[in-house]
Amino acid sequence: MAQITEDMVRSVVAEIVAQMMKNGNGNGAGPIAIDEPVEQIEFTEMGVAKQGTNPKEVVIALAPAFGDKLKMRTLTGVAHAKVLRQVMAGIEEEGMTPRVIRVKHTSDLAFIGKRGAELSGSGIAVPLQSRGTTLIHQKDLSPLQNIELFPQAPVIDLETYRAIGRNAARYAKGESPQPVAQMNDQMTRPKYQAIAAVFHIRETSFVEPGVKPVDLQVKFK
Amino acid sequence: MAQRHKRFEVLEQRPVNQDGFVTEWVEAGLMAMGSPNDPKPSVKVADGKIVEMDGRGRDEMDFIEIFIADYGINAALAEEMMAKKSVDIARMIVDINVPRGDIIKVFSGLTPAKMAEVMDYLNVVEMMMGIQKMRARRTPANQAHITNLQDNPVLMAADAAEATMYGFAEIETTVAVFNYGPMNALALLIGGQVGRPGVLSQDALEESIELQLGMRGLTAYAETVSVYGTENVFVDGDDTPWSKSFLASAYASRGLKMRFTSGTGAEVQMAYAEGKSMLYLEIKCIMLTKAAGVQGLQNGSISCIGVPAGVPGGIRAVAAENLVAMCMDLESASGNDQTFSHSDMRRTSRLLMQMLPGTDFICSGYSGVPNYDNMFAGSNVDIDDIDDWLVIQRDLRVDGGLKPASEEQIVAIRNKAARAIQAVFEELGLPRITDEEVEAATYAHGSKDMPARDKVQDTKGAQEMLKRGITGVDVVKALAKRGFTDVAEAVLGIQKQRVSGDYLHTSAILDDDFNVIAAVNDLNDYSGPGTGYRLEGDRWTQLADIRQAIRPEDI
C-alpha cells in the first residue's frame, strides 16, 4: 500500500478547499439540480495549465469560445453554464474533482480531449465544444480514439451531460462503467449540420495557434 | 406578421422545412462551386516538373499542392491538356463518340482549378451522362451499412446476412462503443459470408485498429482513410499526404483492398476552407488520392452532406465530385450514405444522380438496418426503404445493385447467420449467445427487439480477441468444427484473396464463386445506346420479379 505523505494530504486538502471556493457549494447543500437556474459563467484565468498530480482530478477542457464568447449557448440553445455545471456535478457525485481548463490552440474536439487528458491527474478528460459536442478521453489513447464519443450535440440533454461527468469520474477511478446511454437521432444532420458548420467556423476564429492551455476558475451566475 | 397565410402554415409543417438551409458565405468557403476565391487554372512545366499550378509557384504551394503537382498530374501531358478549352472538355465528357479512355488521358494532365471549371459547364443531366460513361467498372454495385445501437453481435450477423442476400457487394460496420471493434468485424465477416459468399466486409474504426483487423483477416477491405483539401484540416488530424500514402501502402503490402474517403463540405465544416468552394477543395482530395496510388475513393460529401445540401447548387456539386473521381480513373463509392433530408422527394432526387447512371457503389452505404440502429448517424436510405428501391429499379429498368428476396429466404438466412455466430462465439470462448437471442435476431426489426447483453463482458471479449491474436483462420476453424462447412469455405475464400491480391485492381468486387469483377476484366465500355452495361436477360428477370406483383393465376 502506498505511503500517505504529508504532501499528499496537503494537496488533497488544498484541492478540496479550492473546489469549495470554486463552486460556492461547500456548505453541504444537496445535489445540484438538473434544472439549476445558472445562465452565465465568470471565468478567471489562473495561468498556464500544469500537469496534474491529483489522481482524483478529471479535466473538463473547454474549446476556445465555450462559455464566454459568441452566444454562450449550444446548437440547440442550452446555456453553456448549465452544460458545464452538470458535467462538473456528475464528476463530483462520484467523489472526484473537476478541473476546468481552456484549450486555445485548437477547436478540434479530439485534440482538445487528448490535451486535457494529458494534463489531467487521473488521465481522464471531457472536452466541450461550444456547439455542445463532447467525448471522454484518456491520456494513453491516440488523439482520434476515445472512451466514449457523443457526436450528436443536439440530442445530448442535461441529464446526459451529467451522466458523462459521472462516467468520466468512474473511468478515472479505474472502473469499467456501462457506457452512457445515447440517443441517436439520424435526422440531426439534415437539420443542424450546415448550421453546426457555421458555428464551428465561428468558434475556430478564436483559436490561438501555439498558445498553451490555461487553468480556469469558474463562477456560475 | 399579424395574420398568417394558411398555406404557409401548412408549408411550415412539411418535411422539407425540417431541413436546415444557410446562405452562401463566400469568405468562409460556404459555397458549393465556382467561388470567386477559387484560383484561375494555369500550369507551367520545366524539366519535366510542374513548377506552377493554378497561379502558384512551387514556393507558394502548400503540402497538398506540392504532392499533387509531383505525383497527381502527368507533367508530360499537362501543358497540352490545359490548353484545351474547359467547355470543350466538358463536351467530350458528354459526347458518346469520345471514348472513356480519351477523357482519362485529358484529366491526367489537368490542375484542380481546371477540373472545377470543366464541371461548372455541366448541368446535372450531363453529369449523369458523364457518370454512366466514366465509372470504371461496367457492372454497377452497391454497399450496405450494418450496425446497431447496442453493438449486438447476433443481430449484426443476421443483418449482414440479410443485406448480402439482397445483393450488396460490400458491407461496412462501425461501433457504437469503441472497444467493440473486433467483435463487430467478426459478426460482419460471418454474417456477410452466410448471406452471400464473396461479399467484402470492413469495420470503420480508428485507423491503426482498422489496419490491425484487416491484417488479422477479420475484415476484407478499408475505406475510412480520410483526406482533406486544405493543409490546416490535415494538420488538425495529425496527418499529411505522405502519412496517408504510407497507410495506404500498409494495406496494399498486406494484400488488402482499400480506398480513401473525402467529400465536399469537410473543410468548411472543420472551419478551414480558406474561402475556397467546396468542389474545388474536394477536387484536390480526389487528385491527392490518385497521387497516392490508391485505387479508389469514397466521395459524394459523405458525412458532411448537410453542408453542401444547405447551400444553393450543393447537390449538383456532389454529383460533380463523383464524376471527377471517375474521370481520374478511380473506383467510385458515391455517397448516398448519410441522412440528408426529412423530405422523401428531396432524398430521392439526390439519389437518382448516382442510381440512374450507375456507379461502382451507388450507396456507400445503404443502411441495411433501420436508421435508428445506424451508427454512421443514419443513411439516405435504410432497410425500410428496400421495397421502394426494388420498385424504382423495376419501374425504370435500372440496376441499383439489389435484387428481391422473399420473407422465407430472409428469415432462413438470418437464422443461419445467428446460429453460425453463436457457434463461433462458443468455440472462441467469447461471451455466450443464447438460443433466445438467436430466435430474436432471426425475426428482429432492429436492436429494440433484442434481449440486452452484458456489455462489460462483450467489450472485454472484444479486447480479448485482440490480445489473443484471433485471426480469420481461427474463425474458419471454428465454423468448420461446428459443421458450418460452406460458411467456413467462404471465410477461407476471403482470406485467400489476401494472397492472390487480384481484388486490389480498381473497382474490384467478388462474385458468388470468388471471381474478381474489376475494371480490368469488366471495364466500362459505354459509348452510347446499345453499349455498356445493360440490364437484361436473367438479371432483368430477377429484378422485375418482385413479390408484391399479382400474377394472372393468382386471380
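Student: In this predicted model, how do the residues lining the largest cavity divide into nonpolar, polar and charged?
Tutor: Start with who is there. The lining is made by A:Phe150, A:Gln152, A:Val155, A:Ile156, A:Thr160, A:Ala181, A:Gln182 and A:Met183. Gln and Thr fall in the polar class, while Phe, Val, Ile, Ala and Met fall in the nonpolar one. The split is five nonpolar, three polar and no charged.

Student: What volume does the largest cavity have?
Tutor: The search covered the whole structure and kept cavities of 30 Å³ or more. Two cavities were found. The largest has a volume of about 60 Å³.

Student: And what is the volume of the second largest cavity?
Tutor: This one is lined by residues of chain B, including B:Asp387, B:Pro404 and B:Gln548. Its volume is about 40 Å³.

Student: How many charged residues does the lining of the second largest cavity have?
Tutor: The lining residues are B:Asp387, B:Leu390, B:Pro404, B:Ala405, B:Ile546, B:Arg547 and B:Gln548. By class, four are nonpolar and one is polar. Asp and Arg belong to the charged class. The number of charged residues is two.

Student: Now the second largest pocket. Which element gives the largest share of its lining?
Tutor: The pocket has a volume of about 570 Å³. It is lined by 26 residues, and A:Ile147, A:Tyr171, B:Asn179, B:Thr459 and B:Gln463 lie nearest its centre. Two elements of chain B, α9 (181-195) and α21 (455-467), give two or more residues to the lining. The largest share, eight residues, comes from α21(B).

Student: How does the lining of the second largest pocket split by class?
Tutor: The lining holds 26 residues. Among them are A:Ile147 and B:Asn179, which lie with three others nearest the centre. By class, the lining has twelve nonpolar, nine polar and five charged residues.

Student: On to helices. Are α10(B) and α12(B) roughly parallel or antiparallel?
Tutor: Helix α10 (residues 207-215) and helix α12 (residues 241-253) of chain B pack at an angle of about 15 degrees, with axes 10 Å apart. Angles under 35 degrees count as roughly parallel. Therefore the two helices are roughly parallel.

Student: Which residues of α10(B) make the contact with α12(B)?
Tutor: The crossing of α10(B) and α12(B) is left-handed. On the α12(B) side, the contact uses B:Lys244, B:Leu247, B:Ala250 and B:Tyr251. On the α10(B) side, the residues are B:Glu207, B:Glu210 and B:Leu211.

Student: Are α19(B) and α20(B) roughly parallel or antiparallel?
Tutor: Helix α19 (residues 407-428) and helix α20 (residues 435-443) of chain B pack at about 150 degrees, with axes 8 Å apart. Angles over 145 degrees count as roughly antiparallel. Therefore α19(B) and α20(B) are roughly antiparallel.

Student: Is the crossing of α2(A) and α4(A) left-handed or right-handed?
Tutor: Helix α2 (residues 80-93) and helix α4 (residues 158-172) of chain A pack at an angle of about 40 degrees. Their axes are 7 Å apart. The crossing is right-handed.

Student: How many charged residues does the contact of α2(A) with α4(A) have?
Tutor: The contact includes A:Lys82 and A:Glu93 of α2(A), and A:Arg162 and A:Arg166 of α4(A). Lys, Glu and Arg count as charged. Seven residues of the contact are nonpolar and three are polar. The number of charged residues is four.

Notes
Residues are numbered from 1 along each chain as its sequence is written. Chains are lettered from A and ligands numbered from 1 in the order in which they are written. This is a predicted model: local features need pLDDT of at least 70, side-chain atom pairs count only at pLDDT 80 or more; totals for chains, interfaces and linings use all residues. Side-chain values use heavy atoms; hydrogens and water are left out. Axes are lines fitted to C-alpha atoms, for helices over the stretch in contact, and angles run from 0 to 180 degrees between N-to-C directions. Helices (H or I, at least four residues) and strands (E, at least two) are DSSP runs, numbered from the N terminus. Angles under 35 degrees count as roughly parallel, over 145 as roughly antiparallel, 65 to 115 as roughly perpendicular and the rest as oblique. A crossing is left-handed if the near helix is turned anticlockwise from the far one by less than a right angle, and right-handed if clockwise. Contact means heavy atoms within 4.5 Å. On a 1 Å grid over the protein atoms alone, a cavity is a set of points where a 1.4 Å probe fits but cannot get out, and a pocket is an open set with protein on both sides within 12 Å along at least five of seven lines; lining residues have an atom within 4 Å of a point. Grid points are joined across faces, edges and corners, and a volume is the space filled by probe spheres set on the points.
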